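Let's take a walk through this model together, moving from one region to the next. Please have the sequence and the 3D view open side by side.

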Amino acid sequence: MMNQEIRIDVTKQSDEELALAKNHAQLIFKFNHTMPETEEYEQLMRQIFPTMGEGSRISTPLTAIRPHCVNIGKNVVVMPGCLMMSAGGITIDDGAMIAANVQLISNNHDLYERQIITCKPVKIGKNAWIGAGATILPGVTVGDNAVVGAASVVTKDVAPNTIVAGNPAKLIKTIPLKS
């Protein structure tokens with residue numbers, strides 16, 4: 001994955017960008033206040049994430065900024081309370097599980113010009129499991145089959161088939177191959 005930083009001046013957004021942000025905010029508000037397991041709920045979920053793969057499920061409440069920058073694979077589970085700061089792009093691959101209150105953050109603010117957001121993509125690999133309350137920071141890739149412990153703050157890439165935990169997250173162990 002390319003980890004090239006992009007910079008966005010939030011004070012210089014076009015009318016179209018502002019209209020899109022307003023539309024997304026209203027869709028997400030409606031989604032968060034719609035009865036789960038209804039046709040309306042499903043339609044709103046698909047409007048917010050139109051490229052979401054088959055069998056995937058997003059639970060409310062959800063906070064998502066720029067959800068059009070989120071790609072969700074098949075059979076993904078996102079539990080309640082997820083925050084997606086998506087200006088840098090977020091990819092959640094097939095079979096990934098995102099526990100409650102996880103923060104996926106692909107953008108930050110410039111230290112000197114705070115109205116500038118600095119953005120790097122976040123990628124969650126296939127069948128990865130992100131524990132409750134974990135935070136994944138800009139530019140981080142969590143490898144396939146990796147596990148991020150609850151309440152961890154992930155500042156660096158996580159290798160496939162490993163378990164990390166803590167603040168900052170550190171390697172706990174490698175997951176042995178299933179025999």
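β18 and β19 form a hairpin with four residues between them. In the turn you will find Gly166, whose phi is positive, at about 110°. This is a predicted model, so please read the angle, like every value below, as computed from it. The two strands of the hairpin, β18 (residues 162-165) and β19, pair in the antiparallel sense, over four bridges. To see the register, look for Ala165, which stands opposite Lys170 in β19. How many residues of β19 are buried? Of the five residues in this strand (residues 170-174), the count is zero, and β19 is hardly covered.

Now let's turn to the nonpolar interior. The largest nonpolar core has 37 residues. Within this core, Met84, Ile92, Ile124, Ile136 and Val142 have the most contacts. Both helices and strands take part: α1, α2 (39-48), β3, β4 (70-72), β6 (82-85), β7 (90-92) and β12 (122-124) each supply at least two residues. Which element gives the largest share of this core? That is α2, with four residues.

Met84 is a good place to pause and show side chains. Leaving aside residues up to four places away in sequence, Met84 touches Leu62, Thr63, Ala64 and Ile65, among others. Its further partners include Phe49, Val70, Val78, Ile90, Ile92 and Leu104.

From here, step to the loop between β2 (57-58) and β3, where Ser59 is found. Is Ser59 buried or exposed? Its relative accessibility is 18%, and because buried means under 20%, Ser59 counts as buried. Beyond residues up to four places away in sequence, Ser59 touches Tyr41, Val78, Met79 and Pro80. Val78 is thus a contact of Ser59 and also of Met84.

Our last stop is the largest pocket, with a volume of about 410 Å³. It is lined by 22 residues, and the closest to its centre are Gln13, Ala21, Ile65, Arg66 and Ile117. You have already met Ile65 as a contact of Met84. Three elements, α1 (15-32), β3 (62-65) and β10 (107-109), each supply at least two residues of the lining. Among the contributors, α1 gives the most, with six residues. What is the chemical character of the lining of the largest pocket? Its residues divide into 12 nonpolar, eight polar and two charged. As you rotate the view, note that α1 and β3 each supply at least two residues to this lining and at least two to the largest nonpolar core as well.

Terms used
Residues numbered from 1 in each chain as written. Predicted model: local features only at pLDDT ≥ 70, side-chain atom pairs only at ≥ 80, totals over all residues. Heavy atoms only, no water. 1 Å grid on protein atoms, 1.4 Å probe; cavity = no way out; pocket = protein on both sides within 12 Å on 5 of 7 lines; lining within 4 Å. Points joined across faces, edges and corners; volume = space filled by probe spheres on them. Nonpolar A, V, L, I, M, F, W, Y, C, P; charged D, E, K, R; others polar. Core = buried A, V, L, I, M, F, W, Y, C linked by side-chain atoms within 4.5 Å. Buried < 20%, exposed > 50% of the residue type's maximum accessible area, 1.4 Å probe, protein only. Contact = heavy atoms within 4.5 Å. Pairing = 2+ DSSP bridges.
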